Amino acid sequence: MPDHLLEVRNLSVEFHTAAGVVKAVRNVSWHVDRGETLAILGESGSGKSVSTAAILDLIDMPPGRITSGEIRFDGRDLLRLGAAERRDINGRRIAMIFQDPLSHLNPVYTVGWQIVETMTAHGQSRARAQAEALRLVTRVGIPDPAAALRKYPHEFSGGQRQRLMIAMALAMKPDVLIADEPTTALDVTVQAEVLALLKELQRETGMGVVIITHDLGVVAEIADRVVVMNSGEIVEAGNTREVYRSPQHPYTRKLIGAAPGKGDMPEPLPRAEPVLKVRDVVKTYGTFAALAGVGFDLMPGETLAVVGESGSGKSTLARILLRLDEPDAGEALWKGRDLFRLPPAELFALRRDLQMVFQDPTQSLNPRMTVFQLISEAWAIHPEILPKARWRARVAELLAQVGLKPEHASRYPHQFSGGQRQRIAIARALALEPELIICDEAVSALDVSVQAQVIELLTKLRREMGIAFIFIAHDLPVVRDFADHVMVMQKGRVVEYGTVRQVFEAPREPYTQALLAAGLDPDPEVQAARRAERVAIRA
Amino acid sequence: MSTAPAMTDGTALPNEPSAPRRFLRMLWADKFALAALLFLLLVVLMAVIGPALLGEVAQKQNLRGRNAPPFEWDRGWLWWMGADSLGRPLFARIIVAARNTMTVAAGAVLASALIGTTLGLIAGYASRRVGEAIMRLADVIMSFPSLLLAVIVLYILGPSVTNVILVLAITRIPVYLRTTRAEVLEIRERMFVSAARVMGASSRRIVLRHILPVVLPTLMTIATLDFAYVMLAESALSFLGIGIQPPEITWGLMIAQGKEHLTRAWWLSFWPGLAIILTTLSLNLLSNWMRIALDPTQRWRLEMRGRTDA
């Protein structure tokens, strides 16, 4: 058998929980060679992180237990080594970067101190470590590197923090770099930069890279080979291009089919009298202008997508339209009445027309209320909608409408999966029979296949009930099959507004173009072509 | 078609039994909580019928039996814990004293928890100015030595069960107030509160239906710990002669009276002390059980245990 740089053979890990033994991974085998990038693709709960946690000795035992398998590195089985030997390998030979760099950088030490420490911990002299730290920070593209070393983690942006984490991981020139969802928390444009940096560094050092992700686009951009995981097992493995072109396993096919942004673009509705007219909304927090004069029209039954990266003011806009925050200036005319200047009694009556679905259903559903209580609360607040005797029947009806079962009414939110919870949140919004639902990143926290289901549900509701939607997202492909109009926001301003076709096929503004170019296509060949184009531009 | 995979994990759950049966089953699963509940029921029973049954025996002096040691069975079952410095049977006295002790402790804890929580909810959810005013009030109470406050109030009003409850309640209000306010400030920013606001829920509804249930477990834990504190504080007041006055008795007072005989007759203070310890221990065990049993996301821990026992 040829020797690989790092090889996992028949690894099985169990966790003992109160609900019984959970087999997190079963008979998982994969390998990575020098200079190669392997992607482990899977949705939440698929066990995609478990095998790398076993490599770095990060599994708590108990409750975890490795029941079978070996991890070959350097001709030795890591699982048979002592704790001291494992520590010597971790960080020095095998390094790791995480999804959220802020929680993995110590907030009370300067960045420079932390990079130097990883080196001195493995026996380098202080002076050499300091020189090396400066070289690394320069290499990962942090502006003014000498000053950056003296700063604290909170003084950097999310993308810069991830660059610093990469610098720290590379400090000991590892043979293998494991990246666990390294770009999930980043904006698309930043994500593209970080992935490009990883690729360059790999070319320079020849290390093997294992990238764990749920995103087909990331796989297409960076991976040579991919293993697809589903409920603890590898369902498919192979060359990235081949897996995308001709997926063998039904799960892989479903995953590729669920990727957004491939359907037909909807034709915009004919122009009509707008139901909501927003003009010159301004909101500042201290000196930071969250919204600097935003305005748009929304027609009845229309879906408007609001797209922007973090800090663009899109969530602030949603909160202000629902009067969860107060604007500093501007007006929002809902059927001719200004939402911002309504007296409390009229605002209360208007709450029925405008509803919201939040990003994370785990947090937007009160954990101590049953599904019945959650949905029927709408009628407890607005008793004129429905007499109490009909509550049970109507909850059952709403649950059926969003694809759940009437028996689910007596359960609590934690007993459902993420996608089901978002359905409950949608049912709750529908209970008030609104005319406009604002979805604030309503599908961003969900897995791709679940995301597709929720979008399908929203499309159905829109068709059947004529509800208008304001759909807030950070990602352009998600809104492509769904919206009538797209509004692109940047730094509290609208940079581009147009129909989906206009924005996707002929974007006028450079920012929209950059956003579209940075978005990752699930097709590896499309990504390869885009990369070639970028190189050509630079040359 | 697309909804099928997401549905499977939800429908696999078994049917749920009715609420009372469920709670009994969860209580059965935690034997410590069960024992604690039985002990507390016994204490309540003592407090209710004790004085009527043994009131006279507990006050009758018997100078020949002064400081009689425990476990001398020939004196009769009432004397098995021994007798105090006036020859009164300790067993009877502990049962009779349960009423005053429970009235003072439960009264003070309930009153302070109720007032403190209400003010805390207001301070956390109302406008900043109201909140600040309430917090400064709490600061005033906290900066005033509680014993001094007790001495002044009881000197003016005269010592009685009601006044002792009043004093102890006032001094314990800030504990609940500050905890509640801190939790409310955090919970009001949570997304489910925003969701309720979007639906048009009134402040009252948000505070009572959405925020209070989340704060309640913390408050219950504090209240049970406070129960022990209040019992001891009451004994300190009694010791100073401004709390409950003899011939009325409380467990705290019994400890205080036994203090001077501690070297020769340890049982005078030991038995009432044991009663206090067992009561607070039981309250703690029970509140710990309740914290889990009332939380729908934690409940399975007890239900799982019940199933493996069966």
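**A colleague's note on chains A and B**

1. Let me begin in chain A, with one pair of residues: Ile94(A) has Val176(A) as its bridge partner in β7(A). Please keep in mind throughout that this is a predicted model. The pair belongs to the junction of β6(A), residues 94-97, with β7(A), where the two strands run parallel and are joined by four bridges.

2. Now to the other pairing of β7(A). With β8(A), residues 208-213, β7(A) forms five bridges, again in the parallel sense. A handy place to look is Asp180(A), which stands opposite Ile212(A) of β8(A). As for its surroundings, β7(A) covers residues 176-180 and is mostly covered, with four of its five residues buried.

3. Further along chain A there is an open sheet of six strands, worth tracing by eye. Its order is β16-β17-β18-β13-β19-β20, and the pairing is mixed. Which strands stand at the edges? They are β16(A), residues 354-357, and β20(A), residues 493-499; each has a single partner strand, so one side of each is left without a neighbour in the sheet. On average, neighbouring strands are turned by 20° against each other, direction ignored.

4. Within that sheet, you may like to check the pairing of β13(A) with β18(A). β13(A) spans residues 303-307 and β18(A) residues 468-473, and five bridges link them in the parallel sense. One register point is Leu304(A), whose bridge partner in β18(A) is Ile470(A).

5. Two helices of chain A deserve a look alongside these strands. α12(A), residues 314-321, lies across β13, β16, β17, β18 and β19 of chain A, and runs at about 145° to β17(A). α17(A), residues 418-431, lies across β16 and β17 of chain A, at about 175° to β16(A).

6. Chain B is built from helices: 12 of them, with zero strands. Its C-alpha trace spans about 90 × 55 × 30 Å along the principal axes. Of its 310 residues, 40% count as buried. Among contacts in chain B with a separation of 6 or more, 68% come from residues 24 or more positions apart.

7. A helix pair in chain B makes a good close-up. The axes of α3(B), residues 31-59, and α11(B), residues 267-293, come within 8 Å and cross at roughly 130°. How do the two helices lie to each other, given that angle? With roughly parallel meaning under 35 degrees, roughly antiparallel over 145 and roughly perpendicular 65 to 115, α3(B) and α11(B) are therefore oblique to each other. Their crossing is left-handed.

8. Which residues make that contact? From α3(B) come Phe32(B), Ala33(B), Ala36(B), Leu37(B), Phe39(B), Leu40(B) and Val43(B), while α11(B) supplies Leu278(B), Thr279(B), Ser282(B), Leu285(B), Leu286(B) and Trp289(B). By class, the residues of this contact are 11 nonpolar, two polar and no charged.

9. Finally, the place where the chains meet. Here 27 residues of chain B are in contact with 37 residues of chain A. On the chain B side, the elements that give two or more residues are α1 (4-11), α8 (191-199), α9 (203-240) and α12 (300-309). Which element gives the most? That is α8(B), with seven residues. The side of chain B that touches chain A has 13 nonpolar, eight polar and six charged residues.

Technical notes
Residues numbered from 1 in each chain as written. Chains lettered and ligands numbered in written order. Predicted model: local features only at pLDDT ≥ 70, side-chain atom pairs only at ≥ 80, totals over all residues. Contact = placed C-beta atoms within 7 Å. Nonpolar A, V, L, I, M, F, W, Y, C, P; charged D, E, K, R; others polar. Axes fitted to C-alpha atoms, helices over the stretch in contact; angles between N-to-C directions. Left-handed = near helix turned anticlockwise from the far one by under 90°. Buried ≥ 20, exposed ≤ 12 C-beta atoms within 10 Å, placed from the backbone. Pairing = 2+ DSSP bridges.
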